[in-house]
Amino acid sequence: MKFENIVNDWQKQFPILSRYTSSSLYAKADIILIGLRLDKVMSDTYRLILEILPLWVQEKREISIPGFFVELFNKDGGQFFIKYQLHNYLFEKATEYANQQFGLILRENIRANDIFRLIDSFSSTLIPKHNPIKWHRLFELKLALAFYSGQTNLINTIKAEIENETKYWNEKEFNNIFMKSIDEWKNDLYQKMENREMFMKQVHLNLDDKKISKLKRVHILLD
């Protein structure tokens, strides 16, 4: 089966998503892009990955780096690889798993709490503890969602998570990787989330991008 037809099948299954690249389907959800990427594992095999991409970043290339991603798992919690030739045979089961695992946040109106629950449930088991390479973008995503919600308690909760986790990071290793201290990174992150006008201005600039502007729009419901 042709890969393009496989992508089309997934788009039909989740009609709120639009083709973004030859292997990805996204929707624009206020301050994020959310959707599915079909990752080619081998020349004849793919896996499905849910991704959340940031729209508040200044560098266009950073939009393509997920703040959060998780692949589709089978009923036993293992990786679910699908050969192209078995796509039709496995697609019904794959869509069942996709709706179970991702369905709450692949819809026209997405509850913010459902996004946080998905992030927390998978990050606690799949992301190595105390690894800033894995955690720094996830924290930025969570803080951005909290900042967008305008809920002071939620913002403070996420900041407390950041402060607690960063106590375990190795300062020298962090500096070698990011060319700044942990405190400098935190201060830059917090400052980025302090000015709502500038934050939303950058989001709208990215929403005006030719490729992004063509995507269907969904919304985050703030609880």
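The following legends describe close-up views of a predicted model.

**View 1. Strand 2 and its enclosure by the rest of the structure.** Strand 2 spans residues 24-29, and six of its six residues are buried, so the strand is largely enclosed by the rest of the structure. Ser24, Tyr26 and Lys28 point one way from strand 2, whereas Leu25, Ala27 and Ala29 point the other way, and all of these residues are buried. In a regular strand the side chains alternate between the two faces of the sheet.

**View 2. The strands that pair with strand 2.** Strand 1 (residues 18-21) runs antiparallel to strand 2 and is joined to it by three bridges, with Ser18 standing opposite Tyr26; a hairpin of two residues connects these strands. Strand 3 also pairs with strand 2 in the antiparallel sense, here over six bridges, and Ala27 has Ile34 of strand 3 as its bridge partner. Two residues lie between strand 2 and strand 3 in their hairpin, where Asp30 takes a positive phi near 65 degrees. Strand 8 (residues 217-221), by contrast, pairs with strand 2 in the parallel sense over two bridges, and the bridge partner of Lys28 in strand 8 is Arg217.

**View 3. Strand 8 and its pairing with strand 7.** The side chains of strand 8 alternate, so that Val218 and Ile220 point to one face and are buried, while Arg217, His219 and Leu221 point to the other face and are not buried. Strand 7 pairs with strand 8 in the parallel sense over three bridges, and Ile110 stands opposite Ile220 of strand 8. Glu108 belongs to the loop between helix 3 (87-102) and strand 7 (109-111), and its relative accessible area of 53% makes this residue exposed. Apart from neighbours within four places in sequence, Glu108 is in contact with Ile16, Val218 and His219, the last two of which belong to the alternating side chains of strand 8. Glu108 and Trp10 are 98 residues apart in sequence and 16 Å apart in space, taken from C-alpha to C-alpha.

**View 4. The largest nonpolar core and the surroundings of Ile31.** The largest nonpolar core has 78 residues, and those with the most contacts inside it are Trp10, Ile31, Ile32, Trp56 and Phe68. Helix 5 (residues 132-149) gives the most to this core, contributing ten residues. When neighbours within four places in sequence are left aside, the contacts of Ile31 include Leu53, Pro54, Leu55 and Trp56, together with Ala144, Leu145 and Tyr148, and also Phe199, Met200 and Val203.

**View 5. Salt bridges around Arg47.** Arg47 forms a salt bridge with Asp39, the closest N and O atoms being 2.8 Å apart, and Asp39 counts as buried at 17% relative accessibility. Arg47 also forms a salt bridge with Glu71, with the closest N and O atoms 2.9 Å apart. Glu71 lies in strand 5 (residues 68-71) and Arg47 in strand 4 (residues 45-54), so this pair ties together parts that are 24 residues apart in sequence. Glu71, at 13% relative accessibility, counts as buried.

**View 6. A salt bridge within helix 4, and the wider set.** The side chains of Arg117 and Asp114 meet in a salt bridge at 2.9 Å, N to O, and both residues lie in helix 4, three residues apart, which is about one turn of the helix. Arg117 counts as partly exposed at 47% relative accessibility, whereas Asp114 is buried, with a relative accessible area of 10%. Elsewhere, salt bridges that share partners join Arg37, Asp39, Arg47, Glu51 and Glu71 into one network. A search of the whole structure finds 15 salt bridges.

**View 7. A nonpolar surface patch, and two loop residues with positive phi.** Val41, Met42 and Phe81 form a nonpolar patch on the surface, with about 240 Å² of accessible area together. Met42 is found in strand 3 (residues 32-42) and is partly exposed, with a relative accessible area of 46%. His130, in the loop between helix 4 (112-126) and helix 5, has a positive phi of about 60 degrees although this residue is not a glycine, and His130 counts as partly exposed at 33% relative accessibility. Met179 lies in the loop between helix 7 (171-178) and helix 8 (182-192); Met179 likewise has a positive phi of about 60 degrees without being a glycine, and at 67% relative accessibility Met179 counts as exposed.

Methods. Residues are numbered from 1 along each chain as its sequence is written. This is a predicted model: local features need pLDDT of at least 70, side-chain atom pairs count only at pLDDT 80 or more; totals for chains, interfaces and linings use all residues. Side-chain values use heavy atoms; hydrogens and water are left out. Patches are made of residues with over 30% relative accessible area and no salt bridge: like charges are joined within 9 Å, nonpolar side chains (Val, Leu, Ile, Met, Phe, Trp, Tyr) within 5 Å. Accessible areas come from the Shrake-Rupley method with a 1.4 Å probe; for residues, only the protein chains shown count as cover. A salt bridge is a side-chain nitrogen of Lys or Arg within 4 Å of a carboxyl oxygen of Asp or Glu. Helices (H or I, at least four residues) and strands (E, at least two) are DSSP runs, numbered from the N terminus. Buried means under 20% relative accessible area, exposed over 50%, partly exposed in between (1.4 Å probe, protein chains only). A nonpolar core is a set of buried Ala, Val, Leu, Ile, Met, Phe, Trp, Tyr and Cys residues joined through side-chain atoms within 4.5 Å. Contact means heavy atoms within 4.5 Å. Two strands pair if DSSP finds at least two bridges between them.
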